[in-house]
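The following note collects remarks on side-chain contacts and strand pairing for a colleague's consideration. The points are numbered for ease of reply.

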Amino acid sequence: MTRTFTVTAPPWVVVDYLKDFGHAEQWDPGTRSCQRIDTGPVIEGAFWHNVTKMLGVTAELTYKLEELTDRRVVFVGENQSARTVDAITVDRGGDGSVVTFQADIEMHGSAKLLGPLVKIAFEKRVGGSEKQLATVLNRLARTPG
């Protein structure tokens with residue numbers, strides 16, 4: 001699933017905010033908690049423990065910051081039942097940014113049987129995330145640095 005939207009925050013502000021997956025609590029409607037599980041600067045290889053709820057089921061995933069550049073952030077989340085890849089690309093758009101959010105989920109084992117249902121729920125969740133993320137990023141643009 002891919003969503004593209006514009007925000008008023010400049011690219012560097014957007015990337016700096018998004019690289020900390022702990023912020024998912026603010027913009028992902030399904031995230032119940034997301035805590036950093038290692039220490040040091042937020043760089044490629046950083047990890048978070050994410051507790052999420054979808055279709056009434058609570059799941060725990062470990063997310064890794066797989067890629068971080070000045071215009072792209074990629075997180076990979078995994079547990080025994082699923083693997084997710086969230087790739088976010090940020091380009092300059094006028095005075096703000098054009099954000100492209102691509103989310104992919106792959107189910108494993110017996111969870112594959114729920115694939116069609118999970119896909120529908122995931123699409124709805126990504127739509128909610130897009131709206132909430134745009135709101136949060138636009139608010140950052142108005143916050144004095």
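1. W27 is buried, because its relative accessibility is 4% and the cut-off for burial is under 20%. Please bear in mind that this is a predicted model, and that every value quoted here should be read accordingly.

2. The ring partner of W27 is F101, and the two form an edge-to-face pair with 5.9 Å from centre to centre and 80 degrees between the planes. W27 belongs to helix 2, whereas F101 belongs to strand 7 (residues 96-107), so this contact ties together parts that are 74 residues apart in sequence. F101 is buried as well, with a relative accessible area of 7%.

3. How many aromatic pairs does the structure hold? The count is 5. One of them joins F21 and W48: the ring centres are 6.4 Å apart and the planes stand at 70 degrees, so the arrangement is edge-to-face. This pair, too, links distant parts of the chain, with F21 in the loop between helix 1 (11-18) and helix 2 (24-27), and W48 in strand 3 (residues 47-54), 27 residues apart.

4. Both rings of that pair are covered: F21 counts as buried at 4% relative accessibility, and W48 is buried with a relative accessible area of 1%. Ring pairs extend the group further, linking F21, W48, Y63 and F75 into a cluster.

5. W48 also has a charged neighbour. The charged end of R36 sits over the ring of W48, at 5.5 Å from the ring centre. R36 in addition forms a salt bridge with D38, in which the closest N and O atoms are 2.3 Å apart. Are the two partners of this salt bridge buried, exposed or partly exposed? R36 is partly exposed at 26% relative accessibility, and D38 is partly exposed at 26%.

6. The structure has 5 salt bridges by the rule applied. Among them is the contact between the side chains of R71 and D91, at 2.5 Å from N to O. R71 lies in the loop between strand 4 (57-68) and strand 5 (72-78), while D91 lies in strand 6 (residues 82-93); the pair thus links distant parts of the chain, 20 residues apart. R71 is partly exposed, with a relative accessible area of 37%, and D91 is partly exposed at 30%.

7. Strand 5 deserves a separate remark. Its pairing with strand 4 is antiparallel and comprises 6 bridges, and the two strands form a hairpin with 3 residues between them. Within this pairing, K64 has V76 of strand 5 as its bridge partner. Strand 5 also runs antiparallel to strand 6, to which it is joined by 7 bridges, and a hairpin of 3 residues connects the two.

8. Strand 5 is mostly covered, with 5 of its 7 residues buried. E78, however, is partly exposed, with 42% relative accessibility. Which residue of strand 6 stands opposite E78? That residue is R83, and the side chains of R83 and E78 meet in a salt bridge of 3.5 Å from N to O. R83 is partly exposed, its relative accessible area being 32%. This pair therefore combines a position across two strands with a salt bridge between side chains that are partly exposed at 32% for R83 and 42% for E78.

Note on methods:
Residues numbered from 1 in each chain as written. Heavy atoms only, no water. Salt bridge = Lys/Arg side-chain N within 4 Å of Asp/Glu carboxyl O. Buried < 20%, exposed > 50% of the residue type's maximum accessible area, 1.4 Å probe, protein only. Helix = DSSP H or I, 4+ residues; strand = E, 2+ residues; numbered from the N terminus. Pairing = 2+ DSSP bridges. Phe/Tyr/Trp six-rings, centres within 6.5 Å; stacked < 30°, edge-to-face > 60°. Lys NZ or Arg CZ within 6 Å of the ring centre and 35° of its normal.
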